[in-house]
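Subject: A structure for you to look at

Hello,

Here is the structure I promised to hand over. Please have a look at it first, and then read on for what I found.

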Amino acid sequence: MKRLALILVFIISGCSVGYKKTPENITWTTWNEGNGQVIVRLPNADPTSFIAIDESYGKDRFRVYFEGKEIEGADPETFQTIRWYFSKDSRAAYYREKEIVGASVSHFTPVGSGGYSKDHNGVFYQVLKVEGADQTTFEAKSFWGKDKNNCYFTSKKSECRQHAN
């Protein structure tokens, strides 16, 4: 039984995901079945000011990172995570490490759990604007969205089916 417990501890600790900080550098570690453990070094990160926000997001006094990739233009002082890979700062909203162009930061909110968001100007799927979607009536279930006029699969209009209702 002890042997099994030790093996489980070894497997779980070897599969850890997130940021690691040493006095010399910052790395982001992930694990997948195809490549095993993958370690990404963040060469521009400042080890003296770096903090891990969670296992996906981190920041230092100069930059913000998502899974080891810099979020271009993000402001570390005002940056905050929202949920489901959405985040924002005082200037822009983001999905993962990419800016959602045209999104209003002050009115931005994720919708459902499949990558949709909206503001007072429109609806977005990840970083793409969902053309024609009505933000006041828009609802989402996973990759499907629906408003008073149409149904959507990701960012495209689609036939309304039972799972979109």
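Below are my notes, from the whole chain down to single residues.

Please keep in mind that this is a predicted model. The protein chain has 165 residues, and 41% of them count as buried. Its secondary structure is made up of 19 strands and one helix. About 9,900 Å² of the chain is accessible surface, and carbon and sulfur atoms account for 53% of that. If you take the contacts between residues at least 6 apart in sequence, 26% of them join residues at least 24 apart.

A good place to begin is strand β2, which covers residues 26-32. Five of its seven residues are buried, so the strand is largely enclosed by the rest of the structure. On one side, β2 runs antiparallel to strand β1 (residues 18-21), and four bridges join the two. β1 and β2 form a hairpin, with four residues between them. Within this pair, Lys-21 stands opposite Ile-26.

β2 also pairs with strand β3 (residues 36-41), again antiparallel, through six bridges. Here Thr-30 of the pair stands opposite Val-38 in β3. The link between β2 and β3 is a hairpin of three residues.

Ile-26 deserves a closer look while you are there. This residue lies in β2, and its relative accessible area is 0%, so it is buried. Which residues does Ile-26 touch, leaving aside those up to four places away in sequence? They are Tyr-19, Lys-20, Lys-21, Val-40, Arg-41, Leu-42, Ala-45, Pro-47 and Phe-50. Asp-46 is 20 residues from Ile-26 in sequence, while their C-alpha atoms are 7.8 Å apart in space.

Next, the nonpolar cores. In soluble globular proteins, nonpolar side chains tend to be buried together. The largest nonpolar core in this model has nine residues: Val-111, Tyr-116, Val-123, Tyr-125, Val-130, Ala-133, Phe-138, Ala-140 and Tyr-152. There is also a second, separate core of eight residues, among them Ile-71, Ala-74, Ala-92 and Tyr-94.

Back in the largest core, Val-123 is a handy residue to click on. Beyond the residues up to four places away in sequence, Val-123 touches Tyr-116, Ser-117, Lys-118, Leu-128, Lys-129, Val-130, Ala-133, Asp-134, Gln-135 and Phe-138.

Happy browsing, and do write back with any questions.

Best wishes

Conventions. Residues numbered from 1 in each chain as written. Predicted model: local features only at pLDDT ≥ 70, side-chain atom pairs only at ≥ 80, totals over all residues. Heavy atoms only, no water. Buried < 20%, exposed > 50% of the residue type's maximum accessible area, 1.4 Å probe, protein only. Contact = heavy atoms within 4.5 Å. Areas by Shrake-Rupley, 256 points an atom, 1.4 Å probe, with all protein chains shown as cover. Pairing = 2+ DSSP bridges. Core = buried A, V, L, I, M, F, W, Y, C linked by side-chain atoms within 4.5 Å.
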